[in-house]
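Work through the exercises below with the model open beside you. Each task is followed by a solution in steps.

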Amino acid sequence: MGVKIVPRLSQDRGHGDYGWLQTFHTFSVSFDSPEDYKHASFGALRIINEDHVSPNKGFGTHSHREFEIFSYIVSGQLEHGDSMGNVEVLNRGDIQLTSAGTGISHSEKQHGPEPVHFLQIWFFPTVSNLTPRYFTRHFNDEEKRDTWARVVAPVDAEGVSKDSREGAGPAPVQSALTLYATLLSEGKSLKQSIKGEKGYIHVVQTSGYKTGPATGAAIRIFSDTGNEVELREGDGAYLYFEKSGGEPTIENIGDRTAEVLLFDLE
């Protein structure tokens, strides 16, 4: 089954270097030009921010409503605190998910001696006025090595513990979205069945913040019909399927491990 692959290149993302924060925005956080509106959201996805935060810095207490927000920790440590009384230090492999619902306040700050690199991802929930909830999950590198680990999934999906703050399996979301993660070794390839009408793929910028054309790890994503695109660190791509569902393949064509996120979107 065919898939249309539309690149969202790293150098085309919104970005900024504020000294303490170096950040990229896959989706526009302001709308100053017509181009911004082309990348406002995609399915349930509203924000994918890739952030590098310096020691002793971070985002002070601020509030959210009616979004589901999670942090995917790439390196370093992130301290989370919120108005529900949760305080936790997150490490590589951790996923922290907050279902903001009727409203929460939280802070996210770098912790420990090293800068923290993490992705902050926002979803639109399918249900409004939810009671705020907090979840953490951990996936070590071996669980993602050359396989797709399902790290986020809808609350009613098979294998999801929707009432457990911590535990095994994917973090539960009230969104039409499933997220897979992999650490793909050189020369390896993977397929993944997508059930929704669209998807999004992102190659994590593991070698460090860099503006301009992407470098580092490299993958190729392609379909059975021959449509293919090459992506490097920080690059992403919109996936449009001819009918609901498909099975794209990704292949590591570079000289190092590629950390890749794949979203299945209705």
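The exercises deal with aromatic rings, charged side chains, a sheet and one glycine.

The model is predicted, so local features need pLDDT of at least 70 and side-chain atom pairs count only at pLDDT 80 or more, while totals for chains, interfaces and linings use all residues. Residues are numbered from 1 along each chain as its sequence is written, and side-chain values use heavy atoms, with hydrogens and water left out.

**Exercise 1. Aromatic pairs**

Task: Classify the ring pair Phe 27 and Tyr 200, and state which parts of the chain the pair ties together.

Solution.

Step 1. A pair of aromatic rings is described by the distance of the centres and the angle of the planes. Rings of Phe, Tyr and Trp (its six-membered ring) pair if their centres lie within 6.5 Å; planes under 30 degrees apart are stacked, those over 60 are edge-to-face and the rest are tilted.

Step 2. The structure holds 10 aromatic pairs. In one of them, Phe 27 and Tyr 200 are 5.9 Å apart, centre to centre, with 50 degrees between the planes, and this pair is tilted.

Step 3. Phe 27 is in the loop between β3 (21-25) and α1 (34-37) and Tyr 200 is in strand β17 (residues 198-203), so the pair ties together parts 173 residues apart in sequence. Helices (H or I, at least four residues) and strands (E, at least two) are DSSP runs, numbered from the N terminus.

Step 4. Both Phe 27 and Tyr 200 are buried. Buried means under 20% relative accessible area, exposed over 50%, and partly exposed in between (1.4 Å probe, protein chains only).

Step 5. Tyr 200 also forms an edge-to-face pair with Tyr 238, at 5.2 Å centre to centre and 70 degrees between the planes. Tyr 238 is in strand β20 (residues 236-241), 38 residues apart from Tyr 200. Both Tyr 200 and Tyr 238 are buried.

Step 6. Phe 27, Phe 42, Tyr 200, Tyr 238 and Tyr 240 form one aromatic cluster.

**Exercise 2. Charges over rings**

Task: Find which ring lies under the charged end of Lys 4, and which ring face lies under Lys 198.

Solution.

Step 1. A charge sits over a ring if NZ of Lys or CZ of Arg is within 6 Å of the ring centre and within 35 degrees of the ring normal.

Step 2. The charged end of Lys 4 is over the ring of Tyr 240, 5.9 Å from its centre.

Step 3. Lys 198 lies over the face of Phe 42, at 5.1 Å from the ring centre.

**Exercise 3. Salt bridges**

Task: Describe the salt bridges of Arg 92 with Asp 141 and Glu 259.

Solution.

Step 1. A salt bridge is a side-chain nitrogen of Lys or Arg within 4 Å of a carboxyl oxygen of Asp or Glu. The structure holds 10 salt bridges.

Step 2. Arg 92 and Asp 141 meet at 3.1 Å, N to O. Arg 92 is in the loop between β8 (87-90) and β9 (94-99) and Asp 141 is in helix α2 (residues 141-144), so the pair ties together parts that are 49 residues apart in sequence.

Step 3. Arg 92 and Glu 259 meet at 3.3 Å, N to O. Glu 259 is in strand β22 (residues 258-265), 167 residues apart from Arg 92.

Step 4. Arg 92 is partly exposed at 27% relative accessibility, and so is Asp 141 at 28%. Glu 259, at 2%, is buried.

Step 5. Arg 92, Asp 141, Lys 144 and Glu 259 are linked in a network of salt bridges.

**Exercise 4. A sheet**

Task: Give the strand order of the open sheet of seven strands, and name the strands at its edges.

Solution.

Step 1. Two strands pair if DSSP finds at least two bridges between them.

Step 2. The order is β1-β20-β17-β22-β15-β13-β14, with mixed pairing.

Step 3. β1 (3-8) and β14 (171-173) stand at the edges with a single partner strand each, so one side of each has no neighbour in the sheet.

Step 4. β17 and β22 run antiparallel and are joined by six bridges. Ile 201 has Leu 262 in β22 as its bridge partner.

**Exercise 5. One glycine**

Task: Locate Gly 76 and list its contacts beyond neighbours within four places in sequence.

Solution.

Step 1. Gly 76 is in the loop between β6 (68-75) and β7 (77-82). Its relative accessible area is 26%, so Gly 76 is partly exposed.

Step 2. Contact means heavy atoms within 4.5 Å. Leaving aside neighbours within four places in sequence, Gly 76 is in contact with Leu 90, Asn 91, Arg 92, Pro 115 and Val 116.
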